[in-house]
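Let's take a walk through one protein model and look at how some of its parts touch. Keep the structure open beside you as you read.

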Amino acid sequence: MKSVWNNTSKVKFETLNSNKETDVLIVGGGIAGILCALKLKNSGVDCMLVEASEICEGITKNTTAKITLQHGLIYDNLINRFGEDTARLYAEAQVRAFEEYSRLCSDIDCNYEVKDSYVYSMDDRKKIEKEVLALNKLKIRAEFTESLELPFNVAGAVRIKEQAQFHPLKFLYTVAKELPIYEHTKVVELKPEKAVTDKGEITYKKLIIATHFPILNKHGGYFLKLYQHRSYVIALKGAQKINGMYVDESDTGLSFREYENLLLIGGGGHRTGKQGGCWQELEAFSKKHYKKAEIIYKWATQDCMTLDGVPYIGQYSKSTPDVYVATGFNKWGMTNAMVASDILCDMICGKLNPYAKVFSPSRSVLHPQVAINAFESMVGLLTPTAPRCPHLGCALKYNKAEHTWDCPCHGSRFTEKGELIDNPSTDDSKSLGQ
């Protein structure tokens, strides 16, 4: 099942065919890796990106591509947990990322459109009112509204004007054209200052891991600090038009945006490896509210979720000073990937970045979600089923909706034949391939 973005022409890159040297090696050819390569190259840094498959063929191709500083009801939570200063810096980083997209997209044919952004609640007006107050406290113009273009009533919504949406692959294929990228070049082992690939060795001085879920298990504790959340999208032809971007504040709610003559509806979400509404929930919703519409596309994606709603961007761990990471975008990968490119480029160039501390992967892990993640890992390890995930050995669960085997511990996914679809696993599941 391909997303609506897959109809655009791909850009092809060479496969590594000899040993190479570079100052900065980037592993992972999704939006975060590509934007890091773009930023580094434009800053005069010698860099190289390697991708095991083809660029944008992982999670990036399945986004709904909203460019907005409005990440659910995050700002009231950030103020309560970290204080106004940290919340303001988080917002400033997103505004800066938005402005960079606006600048880059002005010269790229990528369906860039300015749209108002809304986060709504079905049943909790107070949550919405608190978020409006929080945003206004941070000097961000936001307003409360109950009037939406959606086919149901809401308790209220936060509206931020003049955000944007675009075609992510048209944008990324354009900016990637002149970058030093090698496709079909899989990293099989990472050593200090050397990456061993299936096509040759790459010597580096600094390393960026941009593989969606970090693949180095020995450092950083990301297998406890992250979990993956799966969600689904349908594209409807003949549905009532809307003129904004909408998302429910609830993890199990729906999102809406238009692309050309299609209405994209997202939802049906669940922790990867668990049960959820999947496409059936979206199809039932469309039959009820858009009776004359036709489903043209449907696809699924998944997101890395952090403990506190803030991505992990920066030094991979305290014991690996020359290794960096960008992960845990919490469903908001467009602006957060741009934030990552800004922070990591500055860190590699020895510059102070005003937002680096906010996103530091070494910040406190004192959060109830750690216990939940640890419990899921323990259950997965102790469940006596045959199919196992090669990542850390958890039991795989069959996903009936997508006919895949998924890991509820850390989110790796495999075909029915055991072929790897999504990381953090870097290998096929041999227990399925037998």
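Is K127 buried, partly exposed or exposed? K127 has a relative accessibility of 39%, so this residue counts as partly exposed. Before we go on, bear in mind that this is a predicted model.

K127 doesn't sit there without a partner: its side chain meets that of E249 in a salt bridge, with N and O 3.3 Å apart. Here's the fun part. K127 belongs to helix 4, while E249 is in the loop between strand 12 (244-248) and strand 13 (255-259), so the pair ties together parts that are 122 residues apart in sequence.

Helix 4 has another salt bridge to show you, this time between the side chains of R125 and E146, at 2.9 Å from N to O. R125 lies in helix 4 and E146 in the loop between strand 5 (143-145) and strand 6 (156-165), so this pair ties together parts that are 21 residues apart in sequence. How open are these two? R125 is partly exposed, at 38% relative accessible area, and E146 counts as partly exposed too, at 49%.

Now for a salt bridge elsewhere in the chain. D308 pairs with R363, and their closest N and O atoms are 2.7 Å apart. The two come from distant parts of the chain, 55 residues apart: D308 is in the loop between strand 15 (294-305) and strand 16 (312-317), and R363 is in the loop between helix 9 (356-359) and helix 10 (368-382). D308 is buried, with a relative accessible area of 13%, and R363 counts as buried as well, at 15%.

Here are the three pairs side by side:

| Salt bridge | N to O distance |
|---|---|
| E146 and R125 | 2.9 Å |
| K127 and E249 | 3.3 Å |
| D308 and R363 | 2.7 Å |

Those are just some examples, since the full count comes to 23 salt bridges. Some share partners, and in this way R230, E402, D406, R413 and D422 are joined into one network.

Back to helix 4, which also packs against a helix. Helix 2 (residues 74-82) and helix 4 (residues 125-137) meet at an angle of about 70°, with their axes 7 Å apart. An angle of 65 to 115 degrees counts as roughly perpendicular, and therefore that is how these two helices lie to each other. The crossing of helix 2 past helix 4 is left-handed.

Which residues make the contact? Helix 2 brings I74, Y75, D76 and I79, and helix 4 brings K130, E131, A134, L135 and K137. Sorted by type, the contact residues of these helices are five nonpolar, four charged and no polar.

Technical notes:
Residues are numbered from 1 along each chain as its sequence is written. This is a predicted model: local features need pLDDT of at least 70, side-chain atom pairs count only at pLDDT 80 or more; totals for chains, interfaces and linings use all residues. Side-chain values use heavy atoms; hydrogens and water are left out. Axes are lines fitted to C-alpha atoms, for helices over the stretch in contact, and angles run from 0 to 180 degrees between N-to-C directions. Helices (H or I, at least four residues) and strands (E, at least two) are DSSP runs, numbered from the N terminus. Angles under 35 degrees count as roughly parallel, over 145 as roughly antiparallel, 65 to 115 as roughly perpendicular and the rest as oblique. A crossing is left-handed if the near helix is turned anticlockwise from the far one by less than a right angle, and right-handed if clockwise. Contact means heavy atoms within 4.5 Å. Ala, Val, Leu, Ile, Met, Phe, Trp, Tyr, Cys and Pro count as nonpolar, Asp, Glu, Lys and Arg as charged, and the others, Gly among them, as polar. A salt bridge is a side-chain nitrogen of Lys or Arg within 4 Å of a carboxyl oxygen of Asp or Glu. Buried means under 20% relative accessible area, exposed over 50%, partly exposed in between (1.4 Å probe, protein chains only).
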